[in-house]
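Biologist: I'm new to this structure and would love a close look at a single part of it. Could you pick one strand, walk me around its surroundings, and then point out a few other places worth a visit?

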Amino acid sequence: PTTITCLTRGVDLRKERADVLCPADCPLRQFYVFGNVVYASLSSICGAAIHRGVITNAGGIVRVQTLPGQENYSAIYANGIQSQVLTRWASSFSVAGTKSGALEAAGGPLSTARPSRDKRLKKLLEKKVGNKDCKTDIAFLIDGSYNIGQRRFNLQKNFVGKVAVMLGIGTEGPHVGVVQASEHPKTEFYLKNFTVAKDVLFAIKEIGFRGGNSNTGKALKHTAQRFFSLENGVRRGIPKIIVVFIDGWPSDDIEEAGIVAREFGINVFIVSVARPTTEEQGMVQDAGFVDKAVCRNNGFFSYHIPTWFGTTKYVKPLVQKLCSHEQMLCSKTCYNSVNIAFLIDGSSSVGDSNFRLMLEFISNVAKAFEISDTGSKIAAVQFTYDQRMEFSLTDYATKEKVLSAVRGIRYMSGGTATGDAISFTTRNVFGPVKDGPNKNFLVVLTDGQSYDEVRGPAAAARKADITVFSIGIAWAPLDDLKDMASEPRESHNFFTREFTGLEQIVPDVIRGICRDFLNSKQ
């Protein structure tokens, strides 16, 4: 095999098919990977191989097959790596393991002996480490109300214990804690308390039944706001999940608590047992409580068990859901936790056809992000000597509406006052959301010299915690681009001689936003 580096890309290989050797201990945060199964050729080969599960971070041999380009490379989280969206690319590749193992290569015989002490030790270590493919922080919010009663409460604990064991709890695997919902919520134990399955089982067994009203909304809000903290053992950069068990129906409002959980980047699952009978439905405060509390109302985050008796067959399907990282749509990532404002040069030197190419660039960047009322948000400002707010961060809450609004922007034509436009955007676009949960980004597109000074307004934007990317086309002065860009300047400013070159910059801007987002969370 050919020895490569951590950052060698598919496009760097000149062969249609090749075996390569990836080194050990590549920093996962260095990898840029676009797609899933089929990867765009600008992806890191070793990063794609780890993402696909062909090798681990210990390195190894990978078989790389060159493939034609395609459209819509998807973003999936797998094996510690978040791949990224890419609208299209000219070539692709796939990765696979090699069949020949080290023993076969050496021509040695296969042993039929019983497992050695080393193998037993390895199994013990793997058990301690846990299931790395299901690395999540999970709070089980169990029902301790009079609705469930003492007997069914114990059956509920048995079910939660079985789920905890099958998850594969360990130091590098899932961590779990338990909160009991009743009149007032009570945290039974935190994520940091146990990393061994048998200890978790014992802790669950010791939980006492509290009784009282089924104030699930109160307990869910309490868990979202207080349970997932660093001091309680939460780990950065991995999915946070609350599994809410409801026997019957909640006594209080659960919708607001669901909104709070989503704002904190928590994936809420509802496991409902013993749904209200026809006679009981009149007592239910909100018949649609499940759909309003879950992360997304798409069927994935709701799970129904008809009775607490004979629940073993329901354990594995629930565990599979909890370990499906790519389905955790409410986790905070660069795709769903950023505000991006595009500052668009509408001066007369641009021209209508080139202005359309700038709008296409904006659309292609926006397509990569999960735009919603609690997710990422997009704004656009056009400038000449004056500024025009095309739409603010709060005007459109879906990707379709944002893309439609971008297509509807009309070319102004006029002079170029970039400094004033940056100040306008800092004040009017980011000012209203300065205390919000999302990280703020400003992308400036300009094709020429500004008639006013840009350094001061850009510095004020950066001081307001806005990360600035500057993109110059044609006659845009490189000094202005560097003065506007955030540090490090070389990775936050881009230049293309032609407007058609903007398409090539799209993945660099998306990657830069994600890199800065991750760095801000370290």
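Modeller: Happy to! Let's start at one pair of residues: Val271 has Tyr303 in strand 14 as its bridge partner. Please keep in mind that this is a predicted model. Val271 belongs to strand 13, and strand 13 runs parallel to strand 14 (residues 302-305), with four bridges joining the two.

Now look at strand 13 itself, which covers residues 266-273. Eight of its eight residues are buried, so strand 13 is largely enclosed by the rest of the structure. Here, buried means a relative accessible area under 20%. In a regular strand, side chains alternate between the two faces of the sheet. You can follow this along strand 13: Ile266, Val268, Ile270 and Ser272 point one way, while Asn267, Phe269, Val271 and Val273 point the other way, and all are buried.

Strand 13 also pairs with strand 12 (residues 240-247); these two run parallel and are joined by eight bridges. Two places help you find the pairing by eye: Val243 stands opposite Phe269 of strand 13, and Ile246 stands opposite Ser272. To get from strand 12 to strand 13, the chain passes through helix 7 (residues 255-263), making a right-handed β-α-β crossover.

Let's step back to the whole sheet. It is an open sheet of six strands in the order 11-10-9-12-13-14, with mixed pairing. The edges are taken by strand 11 (186-189) and strand 14, each with a single partner strand, so one side of each has no neighbour in the sheet. On average, neighbouring strands of this sheet are turned by 20° against each other, direction ignored.

Helices add to the surroundings. Helix 6 (residues 216-227) packs on the sheet and touches strand 9 (137-143), strand 10 (175-181), strand 11, strand 12 and strand 13. The direction of helix 6 makes about 145° with that of strand 10. Helix 9 (residues 315-322) lies across strand 9, strand 12, strand 13 and strand 14, and runs at about 170° to strand 14. Strand 13 is therefore among the strands touched by helix 6, and it is buried in eight of its eight residues.

Next, a pair of helices. Helix 10 (residues 352-366) and helix 11 (residues 399-407) pack at an angle of about 170°, and their axes are 9 Å apart. That angle makes helix 10 roughly antiparallel to helix 11. On the helix 10 side, Arg356, Leu359, Ile362, Ser363 and Ala366 take part, meeting Lys399, Leu403, Val406 and Arg407 of helix 11. Sorted by class, this contact of helix 10 with helix 11 has five nonpolar, one polar and three charged residues.

Finally, some backbone details. Asn72, in strand 5 (residues 60-73), has a phi near 60°, which is positive although the residue is not glycine. Asn72 counts as exposed, at 58% relative accessibility. Asn79 also has a positive phi, near 55°, in a residue other than glycine. Asn79 sits in the loop between strand 6 (77-78) and strand 7 (81-82), and is partly exposed, with a relative accessible area of 31%. For a last stop, try the peptide bond from Glu487 to Pro488, which is cis, with omega near -10°. You will find Pro488 in the loop between helix 14 (478-484) and strand 20 (493-496).

Key: Residues are numbered from 1 along each chain as its sequence is written. This is a predicted model: local features need pLDDT of at least 70, side-chain atom pairs count only at pLDDT 80 or more; totals for chains, interfaces and linings use all residues. Side-chain values use heavy atoms; hydrogens and water are left out. Axes are lines fitted to C-alpha atoms, for helices over the stretch in contact, and angles run from 0 to 180 degrees between N-to-C directions. Angles under 35 degrees count as roughly parallel, over 145 as roughly antiparallel, 65 to 115 as roughly perpendicular and the rest as oblique. Contact means heavy atoms within 4.5 Å. Ala, Val, Leu, Ile, Met, Phe, Trp, Tyr, Cys and Pro count as nonpolar, Asp, Glu, Lys and Arg as charged, and the others, Gly among them, as polar. Buried means under 20% relative accessible area, exposed over 50%, partly exposed in between (1.4 Å probe, protein chains only). Two strands pair if DSSP finds at least two bridges between them. A crossover is right-handed if, with the strands pointing away from the viewer, the path from the first strand over the helix to the second runs clockwise.
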